[in-house]
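Me: I am new to this structure and should like to go through it by question and answer. Please show it first.

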Amino acid sequence: MTALILVCHAPLGQALHAVACHAFGRYIADVTVVDISANSSLDEATAAIENAWIAEGRSGNVVLMADLLGATPSNAVSAWLSLHRDIQARGITGVSVPMMLRALTYRELDPDTLVSRLQECMAPSCTRIEPAG
């Protein structure tokens with residue numbers, strides 16, 4: 001099972017999670033939300049992802065979904081990915097309600113396959129995030 005971490009500008013992550021809970025008619029504990037405040041530095045945002053990943057159980061298979069390419073959340077995902085090249089972790093930008101629902105539906109897939117599946121049906125603005133460096 002692939003762990004899902006949602007990394008967005010606050011309060012978008014919590015809002016997307018709430019919509020997914022509404023769509024499925026239940027609370028969804030399968031998504032870890034990391035809302036990044038407007039004044040967070042890259043180091044703070046990266047640390048927040050690390051703390052969420054640790055709290056989630058340090059999954060060796062994880063997909064991180066961020067909102068905007070080039071913004072602090074996606075840059076923090078890239079920085080975090082560069083620290084964890086030893087696990088099956090992947091990132092993608094352009095998170096939306098359809099992307100999140102699809103990720104939840106197919107989270108039994110490995111991270112590479114899941115990200116590819118998400119890219120197939122999403123807008124061109126959805127971009128895979130690569131590790132920094």
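Me: Leaving aside neighbours within four places in sequence, with which residues is Leu 109 in contact?
Reply: The model discussed here is a predicted one. Leu 109 is placed in the loop between α4 and α5. Once its neighbours within four places in sequence are left aside, the residues in contact with Leu 109 are Thr 2, Leu 114 and Arg 117.

Me: Is Leu 109 buried or exposed?
Reply: Buried means under 20% relative accessible area. Leu 109 has a relative accessibility of 18%, so this loop residue counts as buried.

Me: How far apart in space are Leu 109 and Cys 8, C-alpha to C-alpha?
Reply: In sequence, Leu 109 and Cys 8 are 101 residues apart. In space, their C-alpha to C-alpha separation is 23 Å.

Me: Which helix gives the most residues to the largest nonpolar core?
Reply: This core has 21 residues, and Leu 4, Leu 6, Val 31 and Met 65 touch the most other members. At least two residues come from each of β1, α1, β2, β3, α4 and α5. With 4 residues, the element that gives the most to this core is α4.

Me: How many residues make up the other core, which lies apart from the largest one?
Reply: Among the members of this other core are Ala 3, Ile 5, Trp 53 and Ile 87. The core lies apart from the largest one, and its number of residues is 19.

Me: Are α2 and α3 parallel or oblique to each other?
Reply: Two packed helices are described by the angle between their axes and the distance between the axes. For α2 (residues 42-56) and α3 (residues 72-83), the axes come within 8 Å and cross at roughly 60°. The two helices, α2 and α3, are therefore oblique.

Me: How many nonpolar residues are there in the contact of α2 with α3?
Reply: On the α2 side, the residues include Ile 49, Glu 50 and Trp 53, and on the α3 side they include Asn 75, Trp 80 and Leu 83. The residues of this contact comprise 1 charged, 3 polar and, as the number asked for, 9 nonpolar.

Me: What is the handedness of the crossing in which α1 passes α4?
Reply: The axes of α1 and α4 are 10 Å apart, at an angle of about 60°. The pair is therefore oblique. As for handedness, the crossing in which α1 passes α4 is right-handed.

Me: How many charged residues are there in the contact of α1 with α4?
Reply: Leu 16, His 17 and Phe 24 are among the α1 residues here, and they belong to a group that meets α4 residues including Val 97, Met 100 and Thr 105. The contact divides into 9 nonpolar residues, 2 polar and, for charged, none.

Me: Which residues are joined by a cis peptide bond?
Reply: Most peptide bonds are trans. Here there is a cis bond with omega at about 0°, and one of its two residues, Pro 11, lies in the loop between β1 and α1. The residues joined by this bond are Ala 10 and Pro 11.

Me: What is the phi of Arg 58?
Reply: Most residues other than glycine have a negative phi. Arg 58 lies in the loop between α2 and β3. Its phi is positive, near 55°.

Technical notes: Residues numbered from 1 in each chain as written. Predicted model: local features only at pLDDT ≥ 70, side-chain atom pairs only at ≥ 80, totals over all residues. Heavy atoms only, no water. Core = buried A, V, L, I, M, F, W, Y, C linked by side-chain atoms within 4.5 Å. Buried < 20%, exposed > 50% of the residue type's maximum accessible area, 1.4 Å probe, protein only. Axes fitted to C-alpha atoms, helices over the stretch in contact; angles between N-to-C directions. Parallel < 35°, antiparallel > 145°, perpendicular 65-115°, else oblique. Contact = heavy atoms within 4.5 Å. Nonpolar A, V, L, I, M, F, W, Y, C, P; charged D, E, K, R; others polar. Left-handed = near helix turned anticlockwise from the far one by under 90°.
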